[in-house]
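Here's a quick tour of charged contacts and pockets in one model. Have the viewer open and follow along.

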Amino acid sequence: MASPFWKTLSLGTLAGLRSLTPLAVLSTALAKNRSSTLASSPLRLLQSGVAARGLTVLAAGEMVADKLPGMPDRISPTALLGRGLSGALLGAVLYKAQRRSGFGGGLLGALSAVAGTYGSFYLRKELGKQTNLPDTVWALVEDATVYGSSRAASHNAVPTKARRDAYVPRHLPTQPSYHANYSSLF
């Protein structure tokens, strides 16, 4: 499993492209594999099936709204704030699930979302100029990229159980344990 730093960096950057899709995908993953670490945190709400379905509906609405004429640019202050908050929430959840600082994860997620917002905005404009394809084509490519990448980054995003060493017995032996190939394991 990748460290929460890389997961936060990738999902936060994706939140800069589509603010709700990475959050919806992470919430769906958490609803299927609940984290015991988040159970006592206010962030546990994202582990509920209701939150996962609600965020999925909102993410689909965001994808449709992106293609409508008259939508403000993603670098407008209100859109940028929403993307930054989404990245912060993603980072806080991922870090808190690993028993690390939710504040540090939130800060990393917000910064990567802002960077992703600006990078994707100028990249999409330049791709439109270079290829003469309509912006809707690039928006659809962006939708597919964000969804697929969010699923990949959210896969095993949080551990559900503590990992055990393969050679640690499940019981405490009363006498030392010996194995033919390992003379002094314990």
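A pocket here is an open set of grid points, on a 1 Å grid over the protein atoms alone, with protein on both sides within 12 Å along at least five of seven lines. Its volume is the space filled by probe spheres set on the points. Keep in mind that this is a predicted model.

**The two pockets**

With that in hand, start with the second largest pocket, which holds about 450 Å³ of space. It has 20 lining residues, and V25, T28, A29, R151 and S154 sit nearest its centre. Helices α2, α3 and α6 each chip in at least two residues of that lining, with α2 giving the most, seven residues. By class, the lining splits into ten nonpolar, eight polar and two charged residues.

Now for the largest pocket, at about 520 Å³. It too is lined by 20 residues, and D66, P72, D73, R74 and R124 are the closest to its centre. The elements that provide two or more lining residues are α3, α4 and α5, and α5 gives the most, with five residues. Its lining has seven nonpolar, four polar and nine charged residues.

**Salt bridges**

What about the charged side chains? The structure holds eight salt bridges, and three of them are listed here.

| Pair | Closest N–O distance |
|---|---|
| R18 and E142 | 2.9 Å |
| K67 and D143 | 2.4 Å |
| R124 and E142 | 2.7 Å |

Take R18 and E142, joined by a salt bridge. This pair links distant parts of the chain, 124 residues apart: R18 belongs to the loop between α1 (4-17) and α2 (21-32), while E142 is in helix α6 (residues 135-154). Are these two buried or exposed? R18 is buried, because its relative accessible area is 0%, and E142 counts as buried too, because its value is 7%. The cut-off behind that call is a relative accessible area under 20%.

Next come K67 and D143, whose closest N and O atoms are 2.4 Å apart. They also connect distant parts of the chain: K67 is in the loop between α3 (49-66) and α4 (77-97), D143 is in helix α6, and 76 residues separate them. K67 has a relative accessible area of 26%, so it is partly exposed. D143, at 8% relative accessibility, is buried.

E142 has another partner, since its side chain also meets that of R124 in a salt bridge, at 2.7 Å from N to O. R124 lies in helix α5 (residues 102-131) and E142 in helix α6, so this contact ties together parts 18 residues apart in sequence. R124 is buried as well, with a relative accessible area of 11%.

How do the pieces fit together? Salt bridges with shared partners join R18, D66, K67, R74, R124, D135, E142 and D143 into one network. Go back to the largest pocket with that list in mind: D66, R74 and R124 are among the residues closest to its centre, and those three names also appear in the network. That makes a handy place to set the camera for the charged part of the model.

Notes. Residues numbered from 1 in each chain as written. Predicted model: local features only at pLDDT ≥ 70, side-chain atom pairs only at ≥ 80, totals over all residues. Heavy atoms only, no water. Salt bridge = Lys/Arg side-chain N within 4 Å of Asp/Glu carboxyl O. Helix = DSSP H or I, 4+ residues; strand = E, 2+ residues; numbered from the N terminus. Buried < 20%, exposed > 50% of the residue type's maximum accessible area, 1.4 Å probe, protein only. 1 Å grid on protein atoms, 1.4 Å probe; cavity = no way out; pocket = protein on both sides within 12 Å on 5 of 7 lines; lining within 4 Å. Nonpolar A, V, L, I, M, F, W, Y, C, P; charged D, E, K, R; others polar.
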